[in-house]
Amino acid sequence: MHRDAMLTQLGYAPNSALLSQLERIEKNTTGYEKIQKHIMDLHDHLKVDGSYVALSNTNDCFKIKVEAPSVEIAAEAHEKIKHFSDKFKVTVNKLENKETYYIVGFHH
């Protein structure tokens with residue numbers, strides 16, 4: 001998938017700064033080419049829960065934000081993230097005391 005298409009699918013208006021950021025994220029994400037499609041699928045699955053995948057403002061990685069309207073829907077979103085991580089062998093780090101994860105990359 002082209003970078004501008006990926007940014008658009010994530011809800012961004014592509015520009016040179018975002019394209020550069022995405023390129024840094026791709027290089028920083030272990031095994032990115034193996035999990036790129038799955039990251040986009042996760043984004044689509046989380047949208048129904050009010051959650052999403054985005055570019056991190058502080059690190060060169062993707063972040064997953066759980067912004068569900070209820071505890072039950074948030075629990076469902078967290079379960080989807082766990083399933084994504086387990087099924088596709090993707091390392092995610094949950095930030096302490098936040099509803100945010102960072103996608104580290106593919107692990108064998």
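K89 sits in the loop that runs between α4 and β3, and this residue makes a convenient point of entry into what is a predicted model. Although K89 is not a glycine, its phi is positive, at about 55°. With a relative accessible area of 41%, K89 is partly exposed, because that value falls between the 20% under which a residue is called buried and the 50% over which it is called exposed. A second residue with a backbone of this kind is N97, a residue other than glycine whose phi is near 60° and therefore positive in sign, as the value itself shows. N97 is placed in the loop between β3 and β4, and at 76% relative accessibility it counts as exposed.

These two loops belong to a chain that has four helices and four strands. Read from the N terminus on, the order of the elements is α-α-α-β-β-α-β-β. The C-alpha atoms fill a box of roughly 40 × 30 × 25 Å when the dimensions are taken along the principal axes. For 108 residues, a compact globule would be expected to have a radius of gyration near 13 Å, and the protein chain, which has 13 Å, agrees with that expectation. Among contacts in the chain with a separation of 6 or more, 47% are made by residues 24 or more positions apart.

The division between interior and surface can be described next. Of the 108 residues, 41% count as buried. The chain exposes about 6,200 Å², and carbon and sulfur atoms supply 52% of that area. As for charge, there are 14 positive and 15 negative charges, and the mean positions of these two sets are 4 Å apart.

Inside, the largest nonpolar core holds 26 residues, of which I39, L55, F62, I64, V92 and I103 touch the most other members. Each of the elements α1 (3-9), α2 (16-28), α3 (32-47), β1 (52-55), β2 (62-65), α4 (71-88), β3 (90-94) and β4 (100-106) supplies at least two residues of this core. The greatest share comes from α3, which gives six residues.

What does one of these core residues touch, once its neighbours within four places in sequence are left aside? For L55, the contacts are L7, L10, Y12, L18, Q21, L22, I25, C61, F62 and K63. One of these partners, Q21, is placed in helix α2, and at 13% relative accessibility Q21 counts as buried. Seen from the side of Q21, again leaving aside neighbours within four places in sequence, the contacts are L55 and S56.

The same helix α2 is also the place of R24. R24 is partly exposed, with a relative accessible area of 40%, whereas Q21 is buried at 13%. R24 and R3 are 21 residues apart in sequence, and their C-alpha atoms are 11 Å apart in space.

Helix α3, the element that gives the most residues to the core, is the place of H38. H38 counts as buried at 19% relative accessibility, because the cut-off for that class is under 20%. If residues up to four places away in sequence are not counted, H38 touches F84 and F88. Those two numbers fall within the range given for α4 (71-88).

Helix α4 also contains E72, and here the surroundings can be judged from accessibility: E72 is exposed, with a relative accessible area of 60%. E72 and D49 are 23 residues apart along the chain, and 9.8 Å separates their C-alpha atoms.

Turning to the strands, K65 lies in β2. Which residues does K65 contact, leaving aside its neighbours within four places in sequence? The contacts of K65 are S51, Y52, E99 and T100. Of these, Y52 falls within the range of β1 (52-55), and T100 within that of β4 (100-106). K65 is also 39 residues apart in sequence from V104, and from C-alpha to C-alpha the two are 15 Å apart in space.

Note on methods: Residues numbered from 1 in each chain as written. Predicted model: local features only at pLDDT ≥ 70, side-chain atom pairs only at ≥ 80, totals over all residues. Heavy atoms only, no water. Rg over C-alpha atoms; globule rule 2.2 N^0.38 Å. Buried < 20%, exposed > 50% of the residue type's maximum accessible area, 1.4 Å probe, protein only. Contact = heavy atoms within 4.5 Å. Areas by Shrake-Rupley, 256 points an atom, 1.4 Å probe, with all protein chains shown as cover. Lys, Arg positive; Asp, Glu negative; His and termini not counted. Charge placed at Lys NZ, Arg CZ, Asp CG, Glu CD. Core = buried A, V, L, I, M, F, W, Y, C linked by side-chain atoms within 4.5 Å.
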